[in-house]
Amino acid sequence: MSVTSTSDVYYDPYDVDIDADPYPVYMRLRAEAPLYYNEKYDFFAVSRADDLDRVLTDHETFISGRGAFLDFIRADITMPPGMFIFEDPPSHTRHRKLVSRVFTPRRMAELEPQIRAYCARSLDPFVGSGRFDFVADLGAQVPMRTISLLLGIPDSDQEAVRDQTTGSMRTEPGQPMEIKTVGSPEMYAEYIDWRAEHPSDDLMTDMLRAEFEDETGMVRRLTREEILTYCGLIGSAGNETASRLIGWIGKVLADHPDQRRELVEDPSLIPAAIEEVLRFEPPGHNFARYVSRDVEFYGTTVPEGSVMIHLIGAANRDERRFVDSERFDIHRASVKHFTFGYGIHFCLGAALARLEGRIALEEILKRFPDWEIDVDNARLTSASVVRGWETLPAFLS
Ligand code: HEM
């Protein structure tokens with residue numbers, strides 16, 4: 001299983017030094033080893049935008065049914081039915097359709113006033129204080145509250161639910177993630193039971209009421225177990241990622257004060273700035289697929305049974321696709337990045353994540369037009385599936 005490359009470039013998703021700034025390695029991968037093979041952890045990786053297009057659209061060769069991260073695929077565990085991020089057609093199509101039916105743009109847009117109120121409540125105490133942590137004081141709050149609003153989790157339980165989800169994604173520095181099972185989280189069970197008795201205007205109630213035709217042709221409602229799985233998926237997919245996005249907004253704009261000033265002067269540029277932060281610093285870098293049949297890249301056969309990582313952070317800066325790709329530029333004409341994936345697994349929460357990012361930034365800039373990161377006390381999260389700040393304190397001026 002050799003790859004024709006004379007390059008000595010090294011990449012692995014657990015290396016903390018690479019994780020601190022992976023972009024020079026990504027640049028070398030794109031140039032010197034567009035099909036990269038890592039012997040230590042036995043995976044292939046592609047880094048050019050055209051190759052990510054190829055991997056993400058050929059869902060018969062590159063399948064998700066064994067997991068969508070290296071650690072999950074290696075763990076070789078059975079995925080619960082309904083965990084559709086880890087499914088392939090036809091079950092993926094069926095399950096995703098069901099959740100998309102209740103996960104509507106209208107429902108997302110309706111959340112705007114409440115998300116704004118949460119942001120205000122988190123930010124107001126820091127006005128005049130001179131200090132603020134983008135992650136602890138905002139990033140860790142807003143996505144959790146937003147998902148809880150969607151699912152109908154009471155205020156008093158939201159932090160515990162979040163901590164259980166994010167805790168499961170943490171790794172020891174330099175170590176793979178330990179995965180024993182992918183189950184449906186029992187922590188949502190009591191809310192489901194309560195909602196069944198007390199219907200409301202939330203996603204949980206919609207899921208309880210939804211009728212659909214299952215794989216046997218029977219029209220039925222979702223089981224409690226199925227709803228648990230969907231809640232678990234939404235909770236884990238939408239918390240940590242959106243929280244990292246808010247951290248990156250703080251970091252990238254501190255590094256680019258001129259562009260931040262433009263945003264203060266003209267807030268209509270904020271949606272484009274969010275899109276560029278998403279491209280420039282994606283919260284997730286290392287999604288992967290199981291290779292279901294032999295396939296060729298750059299004259300080398302990637303054998304059936306391999307793991308293929310598609311490096312989102314590398315493709316987002318591919319100079320073949322983006323002009324001046326290593327530059328952060330809120331004025332880019334159109335940004336088709338890979339941060340929310342591509343193809344049939346395209347992130348179901350993309351609109352919600354964009355909404356959260358936009359509102360958070362609007363509310364931040366209204367109160368704090370200027371800040372500097374306290375770099376000595378900022379720390380990256382130790383997790384191979386998300387990349388971002390665990391804590392990002394800032395000095396406000
Ligand atoms: C900035 C924040 C976010 C990022 C960077 C992100 C990223 C992604 C990516 C890359 C995928 C594709 C995975 C693959 O191809 O294997 C995905 C799928 C998914 N995301 Fe997100 N996500 C974010 C926020 C959210 C939110 C807020 C929710 C829900 C509340 C959510 C729910 C999902 C779901 C359900 C899927 C599975 C879609 C499928 O397999 O068909 N995500 N996300």
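Does Tyr 298 count as buried, partly exposed or exposed, or, put as a plain question, which of these classes does Tyr 298 fall into? Tyr 298 counts as partly exposed, because its relative accessibility is 42%; the classes are buried for under 20% relative accessible area, exposed for over 50% and partly exposed in between, with a 1.4 Å probe and protein chains only. Keep in mind that this is a predicted model, where local features need pLDDT of at least 70, side-chain atom pairs count only at pLDDT 80 or more, and totals for chains, interfaces and linings use all residues. Residues are numbered from 1 along each chain as its sequence is written, and side-chain values use heavy atoms, with hydrogens and water left out.

Let's stay with backbone oddities for a moment. Most residues other than glycine have a negative phi, and most peptide bonds are trans. Tyr 298 goes against that with a positive phi of about 50°, and its place is the loop between β8 and β9 (300–302). Helices (H or I, at least four residues) and strands (E, at least two) are DSSP runs here, numbered from the N terminus. Asp 42 is another non-glycine residue with a positive phi, near 55°. You'll find Asp 42 in the loop between β1 and β2, and it counts as partly exposed because its relative accessibility is 33%. Then there is the cis peptide bond from Pro 89 to Pro 90, with omega near 5°; Pro 90 belongs to the loop between α4 (70–75) and α5.

Asp 42 leads straight into a hairpin. Strands β1 (residues 35–38) and β2 run antiparallel to one another over four bridges, where two strands pair if DSSP finds at least two bridges between them. Four residues sit between the two strands of this hairpin, and Asp 42 is where the positive phi turns up. Leu 35 faces Val 46 of β2 across the pairing. β2 also pairs with β10, this time in the parallel sense and over three bridges, with His 310 of β10 as the bridge partner of Val 46.

What about the side chains of β2? In a regular strand the side chains alternate between the two faces of the sheet. In β2, Phe 43 and Ala 45 point one way while Phe 44 and Val 46 point the other way, and all are buried. Helix α3 (residues 49–57) has buried residues too: Ala 49, Asp 51, Leu 52, Asp 53, Val 55 and Leu 56. Those buried residues of α3 pack against β2 (43–46), β3 (62–63), β7, β8 (295–297), β10 (307–311) and α16 (312–315).

Now for another sheet. This open one has three strands in the order β4-β14-β11, with antiparallel pairing. Its edge strands, β4 and β11, each pair on one side only, and the twist averages 30° from one strand to the next; for such angles, axes are lines fitted to C-alpha atoms, for helices over the stretch in contact, and the values run from 0 to 180 degrees between N-to-C directions. β4 (residues 131–133) meets β14 (residues 393–396) over three bridges, and β11 (residues 371–373) also pairs with β14 over three bridges. Phe 395 of β14 stands opposite Arg 131, and Phe 395 is also the bridge partner of Glu 372. Trp 371, for its part, is bridged to Leu 396 in β14.

Just before β11, in the loop that follows α17, comes Phe 368. Phe 368 counts as buried because its relative accessibility is 5%. Leaving aside neighbours within four places in sequence, its contacts (heavy atoms within 4.5 Å) are Leu 123, Phe 126, Val 127, Phe 132 and Leu 396. For a sense of scale, Phe 368 and Glu 296 are 72 residues apart in sequence and 51 Å apart in space, C-alpha to C-alpha.

Finally, the ligand. It is surrounded by 25 residues, the closest being His 92, Arg 96, Arg 289, His 345 and Cys 347; a residue is near a molecule or strand if one of its heavy atoms lies within 4 Å of it. Polar contacts are pairs of N or O atoms within 3.5 Å; within protein, one must be able to donate a hydrogen and the other to accept it, and residues adjacent in sequence count only if both atoms are side-chain atoms. An N or O atom in the side chain of His 92 is 2.7 Å from an oxygen atom of the ligand. A polar side-chain atom of Arg 289 is 2.7 Å from a ligand oxygen atom, and for His 345 the distance is 2.6 Å. Elements giving two or more residues to the shell are α5 (91–102), α13 (224–255), β7 (286–291) and α17 (350–367), and α13 has the largest share, with six residues. By type, the shell divides into 16 nonpolar, seven polar and two charged residues, where Ala, Val, Leu, Ile, Met, Phe, Trp, Tyr, Cys and Pro count as nonpolar, Asp, Glu, Lys and Arg as charged, and the others, Gly among them, as polar.
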